[in-house]
Amino acid sequence: MEYDVVVIGGGIIGNITAKEIKGDVLIVEEHQSIGFPLQCAGIISKKCYESLEKPKGVVNKVRGAYIHTIKNTLKIESEKDMAYVMERKVMDKDIAIKAAKKCDILLKSYAEVEENKVIIKHGGEVIEIQPEVIVSAEGVRARTGMKLGLLKGREVLSACQFEMVNVKNIDDDFVHIFLDKRYSENFFVWIIPLEEDRVRVGLLDKGGGYNKLLKFINNKSEMFKNTSIVEFSVGALPIGYLKKTVKDNILLVGDSACHVKPLSGGGIYYGSLGGRIAGRVINEYLNGSGDLRRYDKEWRKEFGEELKTSLMIRKLFLKMGNETIDEIIKRIKDSDLVDYINKYGDMEKQSIIALKVLKSLGLSLGLKLIKEIL
């Protein structure tokens, strides 16, 4: 087997990266089917959906969110659809089919990088390939990045999610976000409607997600009484800002590169942007006119500042208690910030709104926040 590029990982970002490359590309995927196991809440912005060339798998469209704290609820809404709820198995496969028209895909295969070569175990065989470029799209495990020592400083959160039916009193036009550290100290709980009485309910945190999610459901008995769990999934999410995502002829993309929004956990939009940038840089390199290290510069220029600013805001959030979070949401409710958010909110540039909110805090709340941080 001879290939110009080997992409390790056949998820969305691996396939998007591979599709961008003009050369002989092999995608190596460890699972026997694309899109399994489910490890994502499955909601993407309208902008992201369109940038992915409108893939199959839409099960619902939402036009806003309810943000709940211990005492207050903030409603963010638009007259138009803001986000799409996706069936990830369908979406991932649709994107993989488009990539497969240009690339080879090897399923149920385990790949490892050794001295710039890819050693693949497949069907009892060991295959050795020495491509010009290797792309790690291995997700949060990022075995190649770990081996190269590129993952320093990242934070990994655990995800737990149920798909449930017979859920009561859910408006399927809106997502629900619960900022309550009784259930998730390091992130939040979400309810994403799939249809009138079917939802995904999940959370991210440092650990213990299953029991925390059951506690949340038990405490929301009016909503979840007589419901059934029809799917249970777990996963993990990396958050951070890597100093390097290129070493020798190896590039990290997607979750492997921590191209994940620190404030919401979404990884598809920036992951796909980074994947396309990687593809363009690789094309120049294969043509003999480029340097792979330019990938590091280009993705930082495109969305690096958003990641860094969001990480700073996330550090503030981690220091806040429930009372402070509740006061901030109440302050937004009682001001004209709601109109501003409804008009200018962007799911892919979350730090802009977050900074606007922080700057609007009054003196007393600002001092309280500083006290909690210190």
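These notebook entries record what I looked up about a few residues of this structure.

**Entry on the model.** I note at the outset that the model is predicted.

**Entry on K80.** I looked up the place of K80 and found the residue in the loop between β6 (73–77) and β7 (83–86). I then asked whether K80 is buried or exposed. Its relative accessibility is 62%, so K80 counts as exposed, the cut-off for that term being over 50%. I also looked for charged surroundings and found that K80 gathers with K46, K54 and K61 in a patch of positive charge on the surface.

**Entry on E87.** I turned next to E87, which is found in the loop between β7 and α3 (88–100). Its relative accessible area is 18%. I recorded E87 as buried because of this value, since buried means under 20%. Which residues does E87 contact, leaving aside its neighbours within four places in sequence? I listed G57, V59 and R200.

**Entry on M223.** I located M223 in helix α6, which covers residues 221–224. With a relative accessible area of 11%, M223 is buried. I looked up what M223 touches, not counting residues up to four places away in sequence, and noted V167, K168, I170 and I191. I also looked up the separation of M223 from F178. The two are 45 residues apart in sequence, and their C-alpha atoms are 14 Å apart in space.

**Entry in review.** I have set down K80 as exposed, E87 as buried and M223 as buried.

Definitions and conventions
Residues are numbered from 1 along each chain as its sequence is written. This is a predicted model: local features need pLDDT of at least 70, side-chain atom pairs count only at pLDDT 80 or more; totals for chains, interfaces and linings use all residues. Side-chain values use heavy atoms; hydrogens and water are left out. Patches are made of residues with over 30% relative accessible area and no salt bridge: like charges are joined within 9 Å, nonpolar side chains (Val, Leu, Ile, Met, Phe, Trp, Tyr) within 5 Å. Accessible areas come from the Shrake-Rupley method with a 1.4 Å probe; for residues, only the protein chains shown count as cover. A salt bridge is a side-chain nitrogen of Lys or Arg within 4 Å of a carboxyl oxygen of Asp or Glu. Lys and Arg count as positive and Asp and Glu as negative; His and the chain ends are not counted. The place of a charge is taken as NZ of Lys, CZ of Arg, CG of Asp or CD of Glu. Helices (H or I, at least four residues) and strands (E, at least two) are DSSP runs, numbered from the N terminus. Buried means under 20% relative accessible area, exposed over 50%, partly exposed in between (1.4 Å probe, protein chains only). Contact means heavy atoms within 4.5 Å.
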